[in-house]
Amino acid sequence: MTSLPPGPKESLLTTLRTTFHVARAPYQAMAAARARYGDPFTMTTINGTVVATADPALIREIFSNKDPDLYETFANAALTPFVGARSLLLLSGEPHRRERRLLTPPFHGERMRSYGQTIVEATRAAFSALTPGRRFVALDVGQQISLEVIVRAVFGVEERARIDAGSAEIRAAMDAALPIFMFGTVFHKAPLGLGPWARYVRRSAAVDELLYEQIARVRPSAHERDDILSMMIAARYEDGEPMSDGQIRDELRTLLIAGHETTAVTMAWALDQLHREPAALERLLAELDGCSAAPDELAKLPFLGAVVDETLRLCPVVEVVFRKLRRPLRFGGYDLPAGVSLTPAIALTHMREDLYPEPARFRPERMLERRPGPFEFLPFGGGSRRCIGAALASYELRVALGTALREWTLALHEPAPVPVVRRNLTLGPKTGVRMAMVGRRA
Ligand code: HEM
């Protein structure tokens, strides 16, 4: 006999209503369900039944399970045209473990050092283009920086003209990718070769052409370079086989999709939150003024690190992760059937009053007063699918924010708190966070 934790009674109407609430206001929908039904709780949307929890002990149980065949990927077929069928995001079990082993080394903390100067240059290029008094949207600037970092540090493009042309092509493909395309393959239709899907397919093919060209350029000198593409080319699976060009293409696209918007959104939230808390901004500026512009020094500053972590706690870009069960499992006192997704609720966990007093307040110092454990603070998920780019993202955010705020004074132009909305696969600020350039700091 299977049993599920409490949740709304199952019916077509409640499923549709829950789907609508989760799509529109995910945090509120889940917080209301937890308050009403306890923890863990069950929710059913058109994408299936999830058993969600914000209890660190249960989250530990989910992430620490060592059975490689227990979970399958939650990613659906609609993602395939964006990342390719061999993408890490679409693999499960042994093929996923094999691919992760190959892709993990270039993302180790130590390796990040070689990307530091690239991040500083990308940040300076983005902010120095803004003249004093000029209004800008922090998310756009964040995207410009994170895209340039991916094109240079991940894809290994070096010449300015090719960086700009590549970035423009990728931006055009991303603009053509409507959020609805990610919801189901039924939206992947191009009647008579026309319409939005046909436009996306054309743009996407142009990006592929650039990626294959870049793989061919880098291949002869891959062993002398330190970009992530070179390391993929040099890497070998356990049986000695290299990655094919097609596999490399899929993973480059995966890193682009997983790494670009997530980092940019966090950058925008950090600027928003800091400019609403003058004491935190002042403390950060004092810390930045006591250090040089060297990326490695910036990355080690304790308060800057706390600002990044507190932003990831309060404004997580991904509010839940899913682990879909391949077989029945006893969990939290229930006998769950196969097909249900265990769901660590990141945003709910980050708002627990017992872990984070006054949870709605942006208080970076809390991260220095008490370092939360990995099942209490999980912006990058956890276990065998934990974000592979976590070290790069955290390093990039510290260096980019540190560089920007050390060198420029900015002003926030948001009269009210910015609402959180769903943007493609992530959550982000509705307005993108409107700001203005005040000028260079002395
Ligand atoms: C602030 C920035 C970022 C956040 C908040 C973030 C968050 C996440 C989360 C929550 C997951 C799912 C983890 C899980 O299921 O347990 C994930 C997966 C992933 N992320 Fe990130 N990410 C960020 C930046 C990046 C960057 C910069 C890259 C690479 C350039 C990257 C590459 C990936 C990949 C490849 C996966 C799939 C891992 C797998 O399925 O094995 N992410 N990320």
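This is a short walk through one chain, its ligand shell and one buried glutamine.

Two points on the source. The model is predicted; local features need pLDDT of at least 70, side-chain atom pairs count only at pLDDT 80 or more, and totals for chains, interfaces and linings use all residues. Numbering runs from 1 along each chain as its sequence is written.

Overall fold, then. The chain has 17 helices and 12 strands. Both are DSSP runs, numbered from the N terminus: helices are H or I with at least four residues, strands are E with at least two. The C-alpha trace spans about 65 × 50 × 45 Å along its principal axes. Of 442 residues, 40% are buried. Buried means 20 or more other C-beta atoms within 10 Å of the residue's own, with C-beta atoms placed from the backbone.

Now the ligand. It is surrounded by 25 residues, each with its C-beta atom, placed from the backbone, within 6 Å. The closest are Ala258, Gly259, Gly381, Cys387 and Gly389. Which helix gives the most to the shell? That is α11, with seven residues. Helices α11 (245–276) and α17 (390–407) each supply at least two.

Last, Gln214. This residue sits in helix α9, residues 196–218. Is Gln214 buried or exposed? Buried, because 21 C-beta neighbours lie inside 10 Å. Leaving out residues up to four places away in sequence, Gln214 touches Phe155, Gly156, Val157 and Leu229. Contact here means C-beta atoms, placed from the backbone, within 7 Å. Gln214 and Leu229 are 15 residues apart in sequence, and their C-alpha atoms are 9.0 Å apart.

Key
Buried ≥ 20, exposed ≤ 12 C-beta atoms within 10 Å, placed from the backbone. Contact = placed C-beta atoms within 7 Å.
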